[in-house]
Amino acid sequence: MAQVDHTSFITGPITSGPEATQKCLECHEDQAMDFMKTSHWNWALEQEVHGKEVFRGKRDAINNFCTSVSANEIFCSGCHAGYGMEDVKTFDFTDKTKIDCLVCHDNTGTYKKAAGTGGMPASNLDLLNIAQNVGMPVRDNCGTCHFFGGGGDAVKHGDLDSSMSYPDRATDVHMDADGPDFQCQECHKTANHQITGNSLGVSPTGNSHFGCTQCHEAAPHAESRLNDHAEAVACQTCHIPYFAKNIATKMSWDWSTAGDDAKEHAADNKDKYGKHTYVKKKGTFEYGKMVQPEYAWYQDGAADAYLPGEKMDPSKVTKLAYPTSTIKDKEAKIYPFKVHRGQQIYDKNHKVFITAKVYGNGGYWKDFDWDKAAKLGMEENPIMIEKGLKYSGEYGFAPTEMYWRINHMVSPAEDALKCLDCHGDNGRMDWKALGYKGDPMSNKKWARK
(Lines give C-alpha, C1' and ligand atoms only; values in the text may rest on other atoms or scores of the structure.)
Protein backbone atom coordinates (compact mmCIF):
# COMPACT_ATOMS: atom_id res chain seq x y z
CA MET A 1 0.00 0.00 0.00
CA ALA A 2 1.39 3.39 -0.98
CA GLN A 3 2.21 5.69 1.91
CA VAL A 4 0.52 9.08 2.12
CA ASP A 5 2.73 12.16 1.98
CA HIS A 6 1.82 14.13 5.12
CA THR A 7 4.28 16.99 4.67
CA SER A 8 1.76 19.28 2.98
CA PHE A 9 -0.86 19.22 5.74
CA ILE A 10 1.09 18.62 8.94
CA THR A 11 2.89 21.83 9.83
CA GLY A 12 4.81 22.89 12.89
CA PRO A 13 5.82 23.63 15.37
CA ILE A 14 5.30 20.30 17.17
CA THR A 15 7.09 20.26 20.51
CA SER A 16 5.41 17.33 22.28
CA GLY A 17 3.82 13.96 21.61
CA PRO A 18 0.30 15.17 22.44
CA GLU A 19 0.73 18.03 19.96
CA ALA A 20 1.54 15.47 17.26
CA THR A 21 -1.58 13.51 18.23
CA GLN A 22 -3.70 16.64 17.90
CA LYS A 23 -2.48 16.94 14.31
CA CYS A 24 -3.40 13.30 13.65
CA LEU A 25 -6.86 13.76 15.16
CA GLU A 26 -7.71 16.47 12.64
CA CYS A 27 -8.17 13.70 10.05
CA HIS A 28 -8.18 10.47 12.06
CA GLU A 29 -10.60 10.88 14.96
CA ASP A 30 -12.55 7.76 13.93
CA GLN A 31 -9.34 5.73 13.95
CA ALA A 32 -8.55 7.07 17.42
CA MET A 33 -11.94 5.94 18.70
CA ASP A 34 -11.33 2.49 17.22
CA PHE A 35 -7.89 2.30 18.79
CA MET A 36 -9.28 3.07 22.25
CA LYS A 37 -11.24 -0.21 22.07
CA THR A 38 -8.11 -2.32 21.69
CA SER A 39 -5.97 -4.18 24.21
CA HIS A 40 -2.94 -2.25 22.97
CA TRP A 41 -4.59 0.84 24.47
CA ASN A 42 -6.46 -0.60 27.46
CA TRP A 43 -3.85 -3.22 28.34
CA ALA A 44 -6.81 -5.49 29.13
CA LEU A 45 -9.83 -7.09 27.49
CA GLU A 46 -12.93 -8.97 28.54
CA GLN A 47 -12.18 -12.67 28.78
CA GLU A 48 -12.95 -15.80 30.77
CA VAL A 49 -10.17 -17.18 32.95
CA HIS A 50 -10.89 -20.51 34.68
CA GLY A 51 -14.59 -19.87 34.68
CA LYS A 52 -14.44 -16.23 35.76
CA GLU A 53 -15.40 -13.31 33.54
CA VAL A 54 -12.60 -10.79 34.00
CA PHE A 55 -11.32 -7.60 32.41
CA ARG A 56 -7.71 -8.69 32.32
CA GLY A 57 -4.48 -7.99 30.54
CA LYS A 58 -0.99 -6.60 30.89
CA ARG A 59 -2.15 -4.04 33.45
CA ASP A 60 -2.86 -6.67 36.12
CA ALA A 61 -1.24 -9.93 34.99
CA ILE A 62 1.48 -11.39 37.19
CA ASN A 63 4.54 -12.55 35.28
CA ASN A 64 7.94 -13.92 36.29
CA PHE A 65 10.00 -11.21 34.64
CA CYS A 66 9.53 -7.87 36.47
CA THR A 67 6.53 -9.52 38.20
CA SER A 68 3.84 -6.89 37.57
CA VAL A 69 2.96 -3.67 35.78
CA SER A 70 0.92 -2.63 38.81
CA ALA A 71 2.81 -0.13 41.01
CA ASN A 72 5.41 0.23 38.24
CA GLU A 73 3.31 1.80 35.49
CA ILE A 74 5.43 4.90 35.03
CA PHE A 75 8.30 2.61 33.98
CA CYS A 76 6.37 -0.15 32.19
CA SER A 77 4.31 2.30 30.13
CA GLY A 78 7.37 2.96 28.02
CA CYS A 79 5.70 0.20 26.00
CA HIS A 80 2.21 1.71 26.10
CA ALA A 81 0.87 3.33 22.93
CA GLY A 82 -0.10 6.37 24.94
CA TYR A 83 1.26 9.35 26.85
CA GLY A 84 1.46 9.88 30.60
CA MET A 85 0.26 6.56 32.02
CA GLU A 86 1.84 6.92 35.44
CA ASP A 87 -0.89 4.96 37.24
CA VAL A 88 -3.54 2.69 35.69
CA LYS A 89 -6.06 3.73 38.36
CA THR A 90 -5.91 7.40 37.40
CA PHE A 91 -5.00 7.29 33.70
CA ASP A 92 -7.88 8.50 31.53
CA PHE A 93 -8.42 5.75 28.96
CA THR A 94 -11.19 7.84 27.35
CA ASP A 95 -8.88 10.73 26.44
CA LYS A 96 -7.94 10.34 22.78
CA THR A 97 -5.38 13.13 23.00
CA LYS A 98 -3.20 10.79 25.06
CA ILE A 99 -2.86 8.26 22.20
CA ASP A 100 0.70 7.89 20.92
CA CYS A 101 0.20 7.56 17.15
CA LEU A 102 3.91 7.94 16.40
CA VAL A 103 5.16 4.84 18.21
CA CYS A 104 3.31 2.60 15.73
CA HIS A 105 3.36 4.79 12.62
CA ASP A 106 6.78 6.46 12.62
CA ASN A 107 8.57 5.57 9.39
CA THR A 108 11.77 7.53 10.06
CA GLY A 109 13.15 4.98 12.52
CA THR A 110 14.04 7.79 14.92
CA TYR A 111 11.10 7.86 17.34
CA LYS A 112 11.55 6.55 20.86
CA LYS A 113 10.11 7.02 24.32
CA ALA A 114 11.97 8.22 27.40
CA ALA A 115 12.32 5.70 30.23
CA GLY A 116 10.42 6.34 33.45
CA THR A 117 8.15 9.07 32.04
CA GLY A 118 4.87 7.22 31.62
CA GLY A 119 5.48 6.84 27.90
CA MET A 120 6.43 10.38 26.88
CA PRO A 121 8.71 10.90 23.85
CA ALA A 122 12.44 11.18 24.36
CA SER A 123 13.89 14.66 24.26
CA ASN A 124 15.68 16.09 21.23
CA LEU A 125 13.42 14.34 18.71
CA ASP A 126 12.38 16.11 15.54
CA LEU A 127 8.69 15.48 16.16
CA LEU A 128 7.56 17.55 13.20
CA ASN A 129 9.66 15.48 10.80
CA ILE A 130 8.45 12.25 12.41
CA ALA A 131 4.81 13.33 12.23
CA GLN A 132 5.23 14.27 8.57
CA ASN A 133 6.70 10.87 7.80
CA VAL A 134 4.19 8.43 9.24
CA GLY A 135 2.80 5.41 7.45
CA MET A 136 1.86 1.78 7.83
CA PRO A 137 3.79 0.05 10.63
CA VAL A 138 6.96 -1.86 9.82
CA ARG A 139 8.59 -4.61 11.90
CA ASP A 140 10.61 -2.14 13.94
CA ASN A 141 7.46 -0.31 15.04
CA CYS A 142 6.04 -3.50 16.53
CA GLY A 143 9.48 -4.50 17.73
CA THR A 144 9.86 -1.34 19.80
CA CYS A 145 7.84 -3.20 22.43
CA HIS A 146 7.68 -6.80 21.31
CA PHE A 147 11.42 -7.23 20.71
CA PHE A 148 12.42 -5.50 23.94
CA GLY A 149 9.68 -6.44 26.44
CA GLY A 150 10.67 -7.71 29.86
CA GLY A 151 13.68 -5.44 30.26
CA GLY A 152 15.81 -5.93 27.16
CA ASP A 153 16.40 -7.39 23.73
CA ALA A 154 15.13 -10.99 23.39
CA VAL A 155 14.15 -11.22 27.05
CA LYS A 156 10.53 -12.39 26.88
CA HIS A 157 9.39 -14.15 23.76
CA GLY A 158 12.40 -16.07 22.54
CA ASP A 159 11.18 -15.84 18.94
CA LEU A 160 11.01 -12.04 18.80
CA ASP A 161 14.13 -9.90 19.10
CA SER A 162 16.04 -7.22 17.21
CA SER A 163 17.39 -9.76 14.73
CA MET A 164 13.85 -9.84 13.33
CA SER A 165 14.12 -6.23 12.15
CA TYR A 166 15.97 -7.32 9.02
CA PRO A 167 16.21 -11.10 9.29
CA ASP A 168 17.87 -13.38 6.80
CA ARG A 169 16.23 -16.50 5.38
CA ALA A 170 17.72 -18.82 8.01
CA THR A 171 16.28 -16.66 10.79
CA ASP A 172 12.75 -16.38 9.38
CA VAL A 173 11.76 -17.57 5.94
CA HIS A 174 8.71 -15.28 5.81
CA MET A 175 10.29 -12.08 7.12
CA ASP A 176 13.53 -12.59 5.18
CA ALA A 177 14.46 -9.01 4.25
CA ASP A 178 15.85 -10.18 0.90
CA GLY A 179 12.89 -12.48 0.27
CA PRO A 180 9.18 -12.15 1.05
CA ASP A 181 10.02 -9.38 3.59
CA PHE A 182 6.71 -9.83 5.41
CA GLN A 183 5.73 -7.10 7.84
CA CYS A 184 3.95 -8.19 11.02
CA GLN A 185 0.46 -7.34 9.76
CA GLU A 186 0.91 -9.70 6.79
CA CYS A 187 -0.13 -12.46 9.22
CA HIS A 188 -1.59 -10.38 12.04
CA LYS A 189 -4.42 -9.06 9.89
CA THR A 190 -5.81 -5.83 11.28
CA ALA A 191 -9.20 -4.15 11.01
CA ASN A 192 -10.21 -1.00 12.88
CA HIS A 193 -6.92 -1.25 14.78
CA GLN A 194 -7.94 -4.65 16.19
CA ILE A 195 -4.88 -6.85 15.61
CA THR A 196 -5.31 -10.60 15.37
CA GLY A 197 -3.21 -12.77 17.67
CA ASN A 198 -2.71 -13.00 21.39
CA SER A 199 -0.24 -13.97 24.09
CA LEU A 200 -0.99 -16.62 26.71
CA GLY A 201 0.45 -14.31 29.34
CA VAL A 202 -2.20 -11.64 28.99
CA SER A 203 -4.98 -13.33 26.97
CA PRO A 204 -4.94 -17.04 27.86
CA THR A 205 -8.41 -17.73 26.49
CA GLY A 206 -8.15 -15.35 23.57
CA ASN A 207 -8.46 -16.63 20.01
CA SER A 208 -5.70 -15.82 17.54
CA HIS A 209 -8.18 -15.85 14.63
CA PHE A 210 -5.50 -16.96 12.20
CA GLY A 211 -2.97 -19.69 11.56
CA CYS A 212 -0.69 -21.13 8.92
CA THR A 213 -3.67 -22.21 6.81
CA GLN A 214 -4.37 -18.52 6.25
CA CYS A 215 -1.84 -18.89 3.43
CA HIS A 216 -0.95 -22.59 3.26
CA GLU A 217 -3.13 -25.58 2.48
CA ALA A 218 -4.17 -27.84 5.35
CA ALA A 219 -2.31 -30.71 3.65
CA PRO A 220 0.69 -28.92 2.11
CA HIS A 221 3.14 -31.83 1.80
CA ALA A 222 3.71 -34.15 -1.14
CA GLU A 223 4.28 -36.96 1.37
CA SER A 224 0.99 -38.22 2.82
CA ARG A 225 2.59 -39.36 6.08
CA LEU A 226 3.64 -35.78 6.77
CA ASN A 227 0.12 -34.57 6.08
CA ASP A 228 -1.16 -37.19 8.52
CA HIS A 229 1.15 -35.72 11.16
CA ALA A 230 -0.55 -32.36 10.73
CA GLU A 231 -3.64 -33.78 12.43
CA ALA A 232 -1.77 -33.87 15.75
CA VAL A 233 1.34 -31.75 15.20
CA ALA A 234 1.29 -27.99 14.65
CA CYS A 235 3.22 -26.60 11.69
CA GLN A 236 5.41 -24.62 14.10
CA THR A 237 6.64 -27.78 15.82
CA CYS A 238 8.51 -29.03 12.74
CA HIS A 239 9.23 -25.71 11.08
CA ILE A 240 10.62 -23.86 14.13
CA PRO A 241 13.18 -26.38 15.42
CA TYR A 242 14.99 -23.70 17.46
CA PHE A 243 14.26 -20.22 18.79
CA ALA A 244 16.62 -17.45 19.91
CA LYS A 245 18.66 -18.16 16.80
CA ASN A 246 20.84 -15.05 16.92
CA ILE A 247 20.42 -13.41 20.33
CA ALA A 248 20.29 -15.30 23.62
CA THR A 249 16.93 -15.18 25.38
CA LYS A 250 16.29 -15.23 29.11
CA MET A 251 15.22 -18.68 30.30
CA SER A 252 15.09 -18.19 34.07
CA TRP A 253 15.05 -15.34 36.60
CA ASP A 254 15.66 -15.85 40.32
CA TRP A 255 14.65 -12.78 42.32
CA SER A 256 15.56 -14.40 45.64
CA THR A 257 19.27 -13.76 45.08
CA ALA A 258 18.94 -10.02 44.41
CA GLY A 259 20.70 -7.41 46.53
CA ASP A 260 24.32 -8.66 46.50
CA ASP A 261 26.60 -5.85 45.40
CA ALA A 262 29.76 -7.96 45.45
CA LYS A 263 28.22 -10.65 43.26
CA GLU A 264 27.30 -8.10 40.62
CA HIS A 265 30.91 -7.02 40.32
CA ALA A 266 32.35 -10.53 40.29
CA ALA A 267 34.82 -11.27 37.49
CA ASP A 268 32.84 -14.26 36.24
CA ASN A 269 29.49 -12.43 35.98
CA LYS A 270 29.00 -13.12 32.28
CA ASP A 271 27.98 -16.25 30.42
CA LYS A 272 29.20 -17.59 27.08
CA TYR A 273 26.76 -15.29 25.27
CA GLY A 274 28.19 -12.19 26.95
CA LYS A 275 25.09 -11.78 29.11
CA HIS A 276 25.24 -10.78 32.77
CA THR A 277 24.12 -13.76 34.85
CA TYR A 278 23.60 -11.58 37.91
CA VAL A 279 22.33 -8.04 38.46
CA LYS A 280 22.05 -6.69 41.98
CA LYS A 281 18.61 -5.19 41.54
CA LYS A 282 17.14 -8.22 39.75
CA GLY A 283 18.93 -11.40 40.83
CA THR A 284 20.23 -14.37 38.87
CA PHE A 285 19.55 -15.16 35.20
CA GLU A 286 20.07 -18.02 32.80
CA TYR A 287 20.09 -17.50 29.03
CA GLY A 288 19.82 -19.78 26.02
CA LYS A 289 20.63 -19.50 22.33
CA MET A 290 19.50 -21.86 19.56
CA VAL A 291 17.08 -23.21 22.14
CA GLN A 292 15.12 -26.39 21.52
CA PRO A 293 11.49 -25.70 22.47
CA GLU A 294 9.46 -27.61 25.00
CA TYR A 295 6.27 -29.18 23.70
CA ALA A 296 2.68 -29.30 24.91
CA TRP A 297 -0.83 -29.87 23.56
CA TYR A 298 -2.61 -26.65 22.68
CA GLN A 299 -5.65 -25.43 20.80
CA ASP A 300 -6.66 -21.83 20.29
CA GLY A 301 -8.12 -20.30 23.45
CA ALA A 302 -7.40 -23.34 25.64
CA ALA A 303 -5.12 -21.89 28.28
CA ASP A 304 -5.25 -20.59 31.82
CA ALA A 305 -3.44 -18.18 34.09
CA TYR A 306 -2.83 -17.26 37.70
CA LEU A 307 -4.91 -14.28 38.78
CA PRO A 308 -3.63 -11.75 41.35
CA GLY A 309 -4.76 -12.56 44.86
CA GLU A 310 -5.31 -16.27 44.26
CA LYS A 311 -3.91 -18.76 46.76
CA MET A 312 -0.74 -20.56 45.73
CA ASP A 313 1.34 -23.36 47.24
CA PRO A 314 4.96 -22.24 47.70
CA SER A 315 6.13 -25.87 47.81
CA LYS A 316 4.96 -26.39 44.23
CA VAL A 317 5.65 -24.72 40.90
CA THR A 318 2.89 -22.23 40.10
CA LYS A 319 2.08 -21.93 36.42
CA LEU A 320 1.38 -18.27 35.74
CA ALA A 321 0.25 -18.80 32.13
CA TYR A 322 -0.03 -22.20 30.46
CA PRO A 323 -1.88 -24.35 27.90
CA THR A 324 -4.58 -26.64 29.30
CA SER A 325 -5.17 -29.07 26.45
CA THR A 326 -4.27 -32.76 26.69
CA ILE A 327 -3.88 -35.68 24.33
CA LYS A 328 -7.61 -36.34 24.79
CA ASP A 329 -8.60 -33.05 23.13
CA LYS A 330 -9.20 -33.94 19.50
CA GLU A 331 -8.73 -30.36 18.24
CA ALA A 332 -5.45 -29.88 20.09
CA LYS A 333 -2.03 -30.23 18.47
CA ILE A 334 1.50 -30.45 19.79
CA TYR A 335 2.99 -26.94 19.80
CA PRO A 336 6.43 -25.54 20.68
CA PHE A 337 6.87 -23.30 23.71
CA LYS A 338 9.48 -21.31 25.51
CA VAL A 339 8.98 -21.98 29.21
CA HIS A 340 10.39 -19.20 31.36
CA ARG A 341 11.07 -20.25 34.94
CA GLY A 342 11.43 -18.02 37.96
CA GLN A 343 11.64 -17.58 41.70
CA GLN A 344 9.53 -14.65 42.80
CA ILE A 345 8.24 -12.96 45.90
CA TYR A 346 5.09 -14.12 47.69
CA ASP A 347 3.30 -13.34 50.96
CA LYS A 348 4.02 -16.14 53.45
CA ASN A 349 0.82 -15.62 55.42
CA HIS A 350 -1.68 -14.84 52.68
CA LYS A 351 -0.07 -17.38 50.29
CA VAL A 352 -0.40 -15.06 47.29
CA PHE A 353 2.18 -13.67 44.92
CA ILE A 354 3.15 -10.10 45.70
CA THR A 355 3.02 -7.40 43.06
CA ALA A 356 6.13 -5.68 44.31
CA LYS A 357 7.01 -2.08 43.58
CA VAL A 358 10.41 -2.20 41.94
CA TYR A 359 10.67 1.22 40.27
CA GLY A 360 10.72 4.72 41.76
CA ASN A 361 10.46 5.95 45.33
CA GLY A 362 10.35 3.03 47.73
CA GLY A 363 10.92 0.58 44.91
CA TYR A 364 13.27 -2.35 45.33
CA TRP A 365 15.59 -1.11 42.59
CA LYS A 366 16.22 2.04 44.63
CA ASP A 367 16.15 0.96 48.28
CA PHE A 368 16.79 -2.80 48.05
CA ASP A 369 14.18 -3.34 50.75
CA TRP A 370 11.75 -6.18 49.95
CA ASP A 371 9.46 -5.35 52.88
CA LYS A 372 8.98 -1.80 51.65
CA ALA A 373 8.61 -2.90 48.01
CA ALA A 374 6.03 -5.54 48.98
CA LYS A 375 4.00 -3.17 51.15
CA LEU A 376 3.89 -0.38 48.58
CA GLY A 377 3.18 -2.73 45.68
CA MET A 378 0.23 -4.40 47.41
CA GLU A 379 -1.17 -1.00 48.46
CA GLU A 380 -1.10 0.25 44.86
CA ASN A 381 -2.62 -2.84 43.21
CA PRO A 382 -6.36 -2.34 42.50
CA ILE A 383 -7.13 -6.07 42.73
CA MET A 384 -5.34 -6.47 46.05
CA ILE A 385 -7.21 -3.42 47.35
CA GLU A 386 -10.51 -4.88 46.16
CA LYS A 387 -9.75 -8.21 47.87
CA GLY A 388 -8.64 -6.47 51.06
CA LEU A 389 -5.17 -8.01 50.81
CA LYS A 390 -2.43 -6.02 52.49
CA TYR A 391 1.14 -7.17 52.87
CA SER A 392 1.33 -9.34 56.01
CA GLY A 393 4.92 -8.44 56.78
CA GLU A 394 6.44 -11.79 55.84
CA TYR A 395 7.69 -12.73 52.41
CA GLY A 396 9.40 -15.63 50.72
CA PHE A 397 10.22 -16.76 47.19
CA ALA A 398 8.46 -19.49 45.26
CA PRO A 399 8.98 -21.21 41.88
CA THR A 400 6.91 -20.26 38.82
CA GLU A 401 6.63 -21.15 35.16
CA MET A 402 5.30 -19.12 32.26
CA TYR A 403 4.60 -20.55 28.80
CA TRP A 404 5.29 -18.50 25.66
CA ARG A 405 4.09 -20.05 22.40
CA ILE A 406 6.68 -20.05 19.62
CA ASN A 407 5.35 -18.78 16.27
CA HIS A 408 8.17 -16.79 14.71
CA MET A 409 11.66 -17.63 13.43
CA VAL A 410 10.23 -20.10 10.92
CA SER A 411 13.08 -22.03 9.28
CA PRO A 412 13.35 -22.86 5.58
CA ALA A 413 11.81 -26.21 4.63
CA GLU A 414 15.24 -27.87 4.32
CA ASP A 415 15.94 -27.04 7.99
CA ALA A 416 12.65 -28.42 9.34
CA LEU A 417 12.73 -31.35 11.75
CA LYS A 418 13.30 -34.78 10.24
CA CYS A 419 11.78 -38.07 11.38
CA LEU A 420 14.58 -39.07 13.72
CA ASP A 421 14.61 -35.66 15.41
CA CYS A 422 11.44 -36.75 17.20
CA HIS A 423 11.28 -40.51 16.76
CA GLY A 424 14.92 -41.51 17.07
CA ASP A 425 16.66 -42.99 20.11
CA ASN A 426 17.53 -39.46 21.21
CA GLY A 427 14.41 -37.76 19.89
CA ARG A 428 13.36 -34.46 21.37
CA MET A 429 9.78 -35.43 22.29
CA ASP A 430 8.93 -36.43 25.86
CA TRP A 431 6.19 -38.82 24.79
CA LYS A 432 5.01 -39.74 28.28
CA ALA A 433 4.76 -36.10 29.32
CA LEU A 434 2.55 -35.58 26.26
CA GLY A 435 0.25 -38.40 27.40
CA TYR A 436 1.51 -41.22 25.19
CA LYS A 437 2.62 -44.59 26.55
CA GLY A 438 5.70 -44.21 24.39
CA ASP A 439 6.79 -43.23 20.90
CA PRO A 440 3.69 -43.88 18.74
CA MET A 441 5.95 -44.81 15.82
CA SER A 442 7.19 -47.75 17.88
CA ASN A 443 3.70 -49.03 18.58
CA LYS A 444 0.68 -47.93 16.56
CA LYS A 445 -1.58 -48.73 19.53
CA TRP A 446 -0.05 -45.77 21.36
CA ALA A 447 -1.13 -43.27 18.74
CA ARG A 448 -3.84 -40.74 19.62
CA LYS A 449 -7.23 -42.23 18.82
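**Figure 1. Salt bridge between Lys-280 and Asp-261 in the predicted model**. In this predicted model, Lys-280 and Asp-261 form a salt bridge, with 3.9 Å between the closest N and O atoms. The contact joins distant parts of the chain, the two residues being 19 residues apart. Lys-280 belongs to the loop between strand 6 (278-279) and strand 7 (283-288), whereas Asp-261 is part of helix 9 (residues 261-264). Asp-261 has a relative accessibility of 40% and therefore counts as partly exposed. The structure holds twelve salt bridges.

**Figure 2. Surroundings of Glu-264 in helix 9**. Glu-264 is found in helix 9 and, at 26% relative accessibility, counts as partly exposed. Its side chain reaches the backbone nitrogen of Lys-280 at 3.0 Å. Apart from neighbours within four places in sequence, the residues in contact with Glu-264 are Asn-269, Tyr-278, Val-279 and Lys-280. Asp-176 lies 88 residues from Glu-264 along the chain, and the C-alpha atoms of the two are separated by 38 Å.

**Figure 3. Pairing of strand 7 with strands 5 and 6**. Strand 5 (residues 249-254) runs antiparallel to strand 7, and the two pair over five bridges. Within this view, Asp-254 has Thr-284 in strand 7 as its bridge partner. Strand 6 also pairs with strand 7 in the antiparallel sense, over two bridges. Here Val-279 stands opposite Gly-283 in strand 7. Strand 6 and strand 7 are joined by a hairpin through three residues. Lys-280, shown in Figure 1, lies in the loop between strand 6 and strand 7. In a regular strand, side chains alternate between the two faces of the sheet.

**Figure 4. Salt bridge between Arg-341 and Glu-294, and its network**. The side chains of Arg-341 and Glu-294 form a salt bridge, at 2.8 Å from N to O. Distant parts of the chain are linked by this pair: Arg-341 is in strand 11 (residues 333-347) and Glu-294 in strand 8 (residues 294-298), 47 residues apart. Arg-341 is partly exposed, with a relative accessible area of 32%. For Glu-294 the relative accessible area is 32%, and this residue is likewise partly exposed. A network of salt bridges links Glu-294, Arg-341 and Glu-401.

**Figure 5. Salt bridge within helix 11**. Glu-379 and Lys-375 meet through their side chains in a salt bridge of 2.7 Å, N to O. Both residues lie in helix 11 (residues 370-380), where they are four residues apart, about one turn of the helix. Glu-379 is partly exposed, with a relative accessible area of 42%, and Lys-375, at 43% relative accessibility, also counts as partly exposed.

**Figure 6. The largest nonpolar core, with Phe-353**. This core has 43 residues, and Phe-337 and Phe-353 are those with the most contacts inside it. Among the elements that give two or more residues to the core are strand 7, strand 8, strand 10 (318-323), strand 12 (352-353), helix 10 (364-367) and strand 13 (395-405). Strand 11 gives the most, with five residues. When residues up to four places away in sequence are not counted, Phe-353 touches residues including Ile-62, Tyr-306, Met-312, Leu-320, Ile-345, Met-384 and Ala-398. Another core, of 27 residues, lies apart from the largest one and includes Ala-81, Phe-91, Leu-102 and Val-134. In soluble globular proteins, nonpolar side chains tend to be buried together.

Note on methods. Residues are numbered from 1 along each chain as its sequence is written. This is a predicted model: local features need pLDDT of at least 70, side-chain atom pairs count only at pLDDT 80 or more; totals for chains, interfaces and linings use all residues. Side-chain values use heavy atoms; hydrogens and water are left out. A salt bridge is a side-chain nitrogen of Lys or Arg within 4 Å of a carboxyl oxygen of Asp or Glu. Buried means under 20% relative accessible area, exposed over 50%, partly exposed in between (1.4 Å probe, protein chains only). Two strands pair if DSSP finds at least two bridges between them. A nonpolar core is a set of buried Ala, Val, Leu, Ile, Met, Phe, Trp, Tyr and Cys residues joined through side-chain atoms within 4.5 Å. Contact means heavy atoms within 4.5 Å. A polar contact is a pair of N or O atoms within 3.5 Å; within protein, one must be able to donate a hydrogen and the other to accept it, and residues adjacent in sequence count only if both atoms are side-chain atoms.
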